[in-house]
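Visitor: Please select one part of this model and examine it closely, giving the criterion behind each term as it arises.

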Amino acid sequence: MKRKKFVAGNWKMNLDLEGAKALATELNAHTGEFHCDVALFPSYVFLAEVQHTLKHSKIRLGAQNLSYSENGAYTGEVSASMLASIGMEYVLIGHSERREYLNEERDVLCLKLRLALKYGLKPIYCIGEPASVRNEGLHKEFVRDQMEDCLSDFTTEEISNITIAYEPIWAIGTGVTATTSQAQEMHEYIRQHLGDMYSEEIAQRMRILYGGSCKPDNAKELFLCPDVDGGLIGGASLKAADFLAIIEAAQ
Ligand code: PGA
């Protein structure tokens, strides 16, 4: 099955309002050249303005996070229904920075996935092992557990709305990227395991993105791996020229 490539830009806690609008404007000027799916993940506070900048654009939008609660007295939190009500399409769940710095674990991530799907958001569920686990040779078991923690028991329709991002923690923001054989090995394993958990058909349909120091000079070889369906890009999504080069590499 041919899967359409997908390039997502995770802006993390970067830029200010002017910078966010300028970057969105510059990317939007090039959508005529896009032959893959492209989505941006600005900070919550810029979502409305960036959405306005991207009105009628091919570029999709998503949030970097959502609350594990449906609504109510959760000061500072943003719910799935709020994101859906402003027209968000995607949401990141399980990013390693949130797992590590905000202690987000299995139970919270499962609640977030359920709520995102309930309100029609498409989650990008991030998984990936730390260096210590890879050094012990346990990286496959580690991501398998992260998949089984949160991806069990969905309907065919629900699981089909989830994208997986494989992001080895040792590659995120470090400048060290996975080699093509490391990336392909893990993506193939993740797809096989989706096949075991669901069906071969679902496994072949779902997109698995690579993340971790993906840059213009390594994107093409990574995206040529048969099971790498695009990238979740951090640092290199903050410069229009770099992000556009990565989009170009995906097509
Ligand atoms: P990076 O981040 O591209 O800066 O390594 C990727 C991510 O955290 O999604």
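Guide: The account below begins with the sheet, continues with the helices that pack around it, and ends with aromatic rings and two loop residues.

The model is predicted, so that local features need pLDDT of at least 70 and side-chain atom pairs count only at pLDDT 80 or more, whereas totals for chains, interfaces and linings use all residues. Residues are numbered from 1 along each chain as its sequence is written, and side-chain values use heavy atoms, with hydrogens and water left out.

Eight strands, paired in parallel, close into a barrel in the order β1-β2-β3-β4-β5-β6-β7-β8. Strands (E, at least two residues) and helices (H or I, at least four) are DSSP runs numbered from the N terminus, and two strands pair if DSSP finds at least two bridges between them. On average, and with direction ignored, neighbouring strands of this sheet are turned by 25° against each other; axes are lines fitted to C-alpha atoms, for helices over the stretch in contact, and angles between N-to-C directions run from 0 to 180 degrees.

The part chosen for closer study is β4 with its surroundings. Strand β3 (residues 60–63) is joined to β4 by two bridges and runs parallel to it, with alanine 63 having valine 91 of β4 as its bridge partner. On the next side of the order, four bridges connect β4 to β5, again in parallel, and isoleucine 93 is partnered by tyrosine 125 in β5. Side chains in a regular strand alternate between the two faces of the sheet. In β4 both faces are covered, since Tyr90 and Leu92 on one side and Val91 and Ile93 on the other are all buried, buried meaning under 20% relative accessible area, exposed over 50% and partly exposed in between (1.4 Å probe, protein chains only). Strand β5 is mostly covered as well, with five of its six residues buried. Four bridges also pair β5 with β6 in the parallel sense, and here isoleucine 124 stands opposite threonine 163 of β6.

Outside these strands, helix α5 (residues 106–118) lies across β4 (90–93) and β5 (122–127), and its direction is at about 175° to that of β4. Elsewhere on the sheet, helix α12 (residues 240–249) touches β1 (6–10), β2 (37–41) and β8 (contact meaning heavy atoms within 4.5 Å), and makes about 160° with the direction of β1.

Valine 38 lies in strand β2 and counts as buried at 2% relative accessibility. Apart from neighbours within four places in sequence, valine 38 has contacts that include Phe6, Arg60, Phe243 and Ile247.

Helix α7 (residues 139–150) adjoins β5 from another direction in the sequence. Its end C-alpha atoms are 17 Å apart, which agrees with the 16 Å that its 12 residues should span at 1.5 Å a residue, the expected span being 1.5 Å times one less than the number of residues. The buried residues of α7 are His139, Val143, Gln146, Met147 and Cys150. They cover an arc of only 100° around the axis, which puts them on the same side of α7; the arc is that of the directions from the helix axis to the C-beta atoms. These buried residues pack against α4 (96–101), α5, β5, α6 (131–135), β6 (163–166) and α9 (180–197).

Aromatic rings also meet at β4. Tyr90 forms one aromatic cluster with Phe6 and Phe41. Rings of Phe, Tyr and Trp (its six-membered ring) pair if their centres lie within 6.5 Å, planes under 30 degrees apart being stacked, over 60 edge-to-face and the rest tilted. By this rule the count comes to three aromatic pairs. In one pair, tyrosine 68 and tyrosine 74, the ring centres are 6.2 Å apart and the planes stand at 70°, so the pair is edge-to-face. Tyrosine 68 is partly exposed at a relative accessible area of 38%, and tyrosine 74 is partly exposed at 39%.

Two loop residues complete the account. Asparagine 103, in the loop between α4 and α5, has a positive phi of about 55° although it is not a glycine, and is exposed with a relative accessible area of 60%. Aspartate 153, in the loop between α7 and α8 (156–160), has a positive phi near 65° and counts as exposed at 69% relative accessibility.
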